[in-house]
Amino acid sequence: MSTTKLLYFQDAYQKSATAKVLEVVRDGTQTALILDQTIFYAQGGGQPADWGSIMGEKSAFSVTHVSYNGGAVLHKGTLSGEIEAGEEVTLEINWRRRYQHMQQHTAGHIIDQAVKNVVLGAQSVDGNHGIGKQLFVEFSTPLHTDLIPQIQSAIDHIRAANLPITSEMVSYEQLIERQIKLPFDLPQNKELRIVQIGEYPPMPDGGTQLLSTGEAWPIMVTDIVEKDGKWRVIHTVAEEVSSVAKNQTKIEEASSVQPSDQLNALLQNIEHMKAEFLKDNAQPEKLQSKYLGKKGVFNQLAQTLKDIQPQEKKLAGQYINELKTSLETAIAAAQTQHVATQAWVDLTVPGKKPAVGHMHPVSQAMEEITHIFEQIGFTRVRYPEVDWDHYVFEALNMPPNHPARDEWETFFVDVPANQAFGKVVLTTHTSNGQVREMERLHSQPPMRMINISRCYRRQQDATHTQMFHQFEGLVVDKGITIQHLKGTLNYFAEQFYGPGTKSRIRPFHFQFTEPSFEVDFSCHICQGTGQVTHDGETTKCRFCKSGWHEVGGAGMVHPNVLKAGGIDPEKYTGFAFGWGIERTYTLKEGLNIDDIRLLYSGDLRFLEQF
Ligand code: FA5
C-alpha cells in the first residue's frame with residue numbers, strides 16, 4: 001500500500017499545499033484519495049479529522065473525513081468531476097476548524113501537565129480534544145473536585161508562562177539514550193512522535209499543537225467526574241476570553257496589560273522549577289528540604305519577588321503562593337505514595353517486644369515478706385500513713401512531751417488537733433498499727449498481723465530517706481514469750497536471706513515494748529563471723545564489719561499498750577517487731593546497694609537490674 005507523508009507534523013500551521021494523487025479508491029458513491037503528502041489531519045489521538053478541499057485540474061473534492069490506514073492517509077468525501085492517479089492537486093484545509101482542534105489538543109496537554117503539577121505521579125490515560133461533545137483528559141489516578149481550583153491555577157500558570165511547545169520524532173533507542181520515560185509502553189520498532197511543553201517531561205503525541213502555551217485560548221476546568229474507575233477532567237476551551245473567563249480575573253488582568261519581562265521571567269522560572277521537581281526522584285523528605293526548606297529552591301525563587309514592578313507585585317505574589325501550595329500538595333502526595341509503595345512490611349521479621357515494666361524492688365520485697373509471714377498464719381493489714389498522734393505515739397506509751405518522741409523526727413500535718421486523738425502526723429513507724437489492730441479485732445486475741453506501710457521522717461542520708469517503708473509484726477495471745485519472737489525472727493531470716501542465716505537480739509529501749517531489742521541478721525558474706533579469708537589471708541568483712549546487720553527493733557508488747565488496745569495484760573502477752581523494708585531488702589545477697597536513695601532515684605538503668 002502507498003504511504004503518505006504527513007506535512008502537518010512538520011508544520012501544523014500549513015493551511016495549503018500541493019500533492020500528487022497516488023490512488024483513487026472508489027467504494028459505491030464514496031471516493032477516497034491517497035496522496036503522496038498531506039496537510040489534512042487524519043483523525044486520531046482524540047483530535048478530529050480536518051475538513052477542506054482538494055482541487056484537481058478537472059475536479060473538486062470536498063474532504064469530510066480523513067483516516068489513517070497502515071501508512072496511507074485516506075481523504076474521504078465527495079468528488080465532482082474527474083480525478084486520476086498521478087495528477088497534481090492543490091490542498092486547502094478548513095483552517096478555522098483545524099485551529100480550534102489545535103487549541104483543544106494543546107489544552108489537553110496543558111491540563112495533563114497541570115494535573116501532574118498538582119497531584120504528583122498522576123497518570124493520564126486518554127483524552128478527547130473535539131471528537132466527542134465533551135472535552136476531557138482522563139486519568140487513572142483518583143482526582144476530586146476539590147482539586148479544581150489548584151488545577152485551574154496550574155493551567156493558568158502554564159499559559160501565562162508562555163512555554164514553547166516542541167515536538168520531534170525519536171526512535172526507541174533515542175528515548176533510552178536521553179533517559180526519557182514515557183508513561184506507557186510503546187512499540188519499539190518504529191519512530192515515535194513526542195511533544196514537550198517547556199522543560200516538562202515529553203509525552204507521546206500524534207496531534208497538531210500550538211507553538212507555545214501563551215497562544216492557548218483560555219481553558220476552564222468545569223468538573224471532575226469518575227467513570228469506570230477513571231477520573232475525567234472536563235473542560236472548555238474558548239476563543240473569547242470574556243465569554244468563558246468571568247472568574248479568571250487573573251488571566252484578564254494579565255492579558256489586559258502586557259506583562260513585564262521580569263514577570264515573564266518569574267513565570268518561566270516557576271514552570272522550570274515545577275518541571276525540575278517532577279523529574280526529581282528523591283525521597284519525600286529530601287524533596288521537602290530541597291524545595292521547601294529554609295535555603296530551598298522555593299525560597300530562592302521567592303527572593304526574586306523584589307525585582308518585580310510594584311503594579312505586578314500582587315499578581316506575582318499570587319503565583320508564588322500558588323507554587324508553594326502545589327509543591328506542598330505534591331510532596332504530601334509523594335509521601336502518601338511512598339508509604340503505600342516503599343514502606344513495605346516484612347511480615348517475617350521477628351516482632352519487637354514492647355518494653356514491659358516490672359515491679360519496683362521495694363514492691364517485690366513487700367510481696368515476698370507478706371508471703372513469708374502468711375505461711376505462719378500472719379494476716380497482712382494496712383493502716384493509715386497519715387494518722388493521729390494517739391496511735392503513732394500516745395497509745396504506744398509515749399504521752400505528749402515524752403522525750404522518747406524526739407527519736408522520731410516527725411512531720412506534722414498543719415490541721416487542727418483533735419481533742420481525743422491529738423495532732424495529725426505522717427506516721428513515723430508502722431507501730432501505729434498495733435493498737436489499731438487490737439481495736440479492729442475488738443481486743444480479742446489471738447492476733448497475728450503484718451502491717452506494711454509507708455513511713456515518713458525528717459531524715460536524709462545514704463541509709464535514710466524521708467519516705468520509707470516498714471513492716472510491723474504483732475502477735476498477741478495467751479502465753480506468748482520471747483522464744484516465740486526468736487523463733488519468728490529465725491524463720492524469717494532463713495526464708496528471706498537463705499538457709500543458715502541467723503538472727504540476734506540485743507537489749508534496747510522502746511517505750512512500747514518491754515523488754516526491747518535491736519534485731520540483727522547474720523551477714524551472708526562472712527556468715528556472722530565478721531571475717532573473710534581470701535587466698536589464705538583473713539581480713540575484716542567489708543560488708544558488715546561485725547558479722548551482723550541491724551534491721552530494726554522488736555520486743556514484748558508493753559502492758560500499757562495492751563491496755564490501750566483494751567487487752568488485759570494479765571491474761572495476754574505479745575511480741576512486736578518493726579523493720580525497714582529498704583534496709584532489710586538491700587542486705588540481700590548479691591545486691592550490695594550501699595545508698596538506699598538509689599531506690600527512689602527513678603533511674604531505670606538502676607531499677608531495671610532488679
Ligand atoms: C521503730 O521504728 C520501731 N517502731 C520498731 C519497733 C517495732 C520496735 C515494734 C519494737 C517493736 P526504728 O526507729 O529503729 O524503729 O526503725 C526501725 C527500722 O526502720 C530501722 O532499723 C531502719 O531499718 C528503718 N528506718 C528508720 N528510719 C528510716 C529512714 N529514715 N529511712 C529508711 N529506713 C528507716
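A nitrogen atom of the ligand lies 3.0 Å from a polar backbone atom of Thr465. The model is a predicted one, and the distances given here are computed from its atoms. Two further ligand contacts involve side chains: a ligand nitrogen is 2.8 Å from an N or O atom of His429, and a ligand oxygen is 3.4 Å from an N or O atom of Glu550. The three pairs are set out below.

| Residue | Ligand atom | Protein atom | Distance |
|---|---|---|---|
| His429 | nitrogen | side-chain N or O | 2.8 Å |
| Thr465 | nitrogen | polar backbone atom | 3.0 Å |
| Glu550 | oxygen | side-chain N or O | 3.4 Å |

How much of the ligand's accessible area does the protein cover? On its own the ligand has 670 Å² of accessible area, and the protein covers 92% of that. The elements giving two or more residues to the shell around the ligand are β21 (467-477), β26 (548-557) and β27 (573-580). Of the elements, β26 gives the most, with five residues.

The ligand has 26 residues around it, and those that come nearest are His429, Ser431, Arg457, Gln459 and Gln470. By residue class, the shell holds 13 polar residues, nine nonpolar and four charged. His429 thus appears both among the nearest residues and in the table of contacts, through its side chain.

Helix α13 spans residues 432-440, and seven of its nine residues are buried, so the helix is largely enclosed by the rest of the structure. The buried residues of α13 are Asn432, Gly433, Gln434, Val435, Arg436, Glu437 and Met438. Just after this helix, His442 takes a positive phi of about 50°.

At the level of the whole chain, there are four divisions: domain 1 (5-93), domain 2 (99-255), domain 3 (257-343) and domain 4 (361-607). The C-alpha centres of domain 1 and domain 4 are 114 Å apart.

Where does the largest nonpolar core lie with respect to domain 2 and domain 3? This core has 60 residues, of which Leu143 and Ile151 touch the most other members. Helix α10 (residues 310-341) supplies the largest share of the core, nine residues. Because domain 2 (99-255) and domain 3 (257-343) both give residues to the core, it lies between them. As a general background, nonpolar side chains tend to be buried together in soluble globular proteins.

Technical notes: Residues numbered from 1 in each chain as written. Predicted model: local features only at pLDDT ≥ 70, side-chain atom pairs only at ≥ 80, totals over all residues. Heavy atoms only, no water. Near = heavy atom within 4 Å. Polar contact = N/O pair within 3.5 Å; in protein donor to acceptor, adjacent residues only side chain to side chain. Areas by Shrake-Rupley, 256 points an atom, 1.4 Å probe, with all protein chains shown as cover. Helix = DSSP H or I, 4+ residues; strand = E, 2+ residues; numbered from the N terminus. Nonpolar A, V, L, I, M, F, W, Y, C, P; charged D, E, K, R; others polar. Core = buried A, V, L, I, M, F, W, Y, C linked by side-chain atoms within 4.5 Å. Buried < 20%, exposed > 50% of the residue type's maximum accessible area, 1.4 Å probe, protein only. Domains from an automatic or database assignment.
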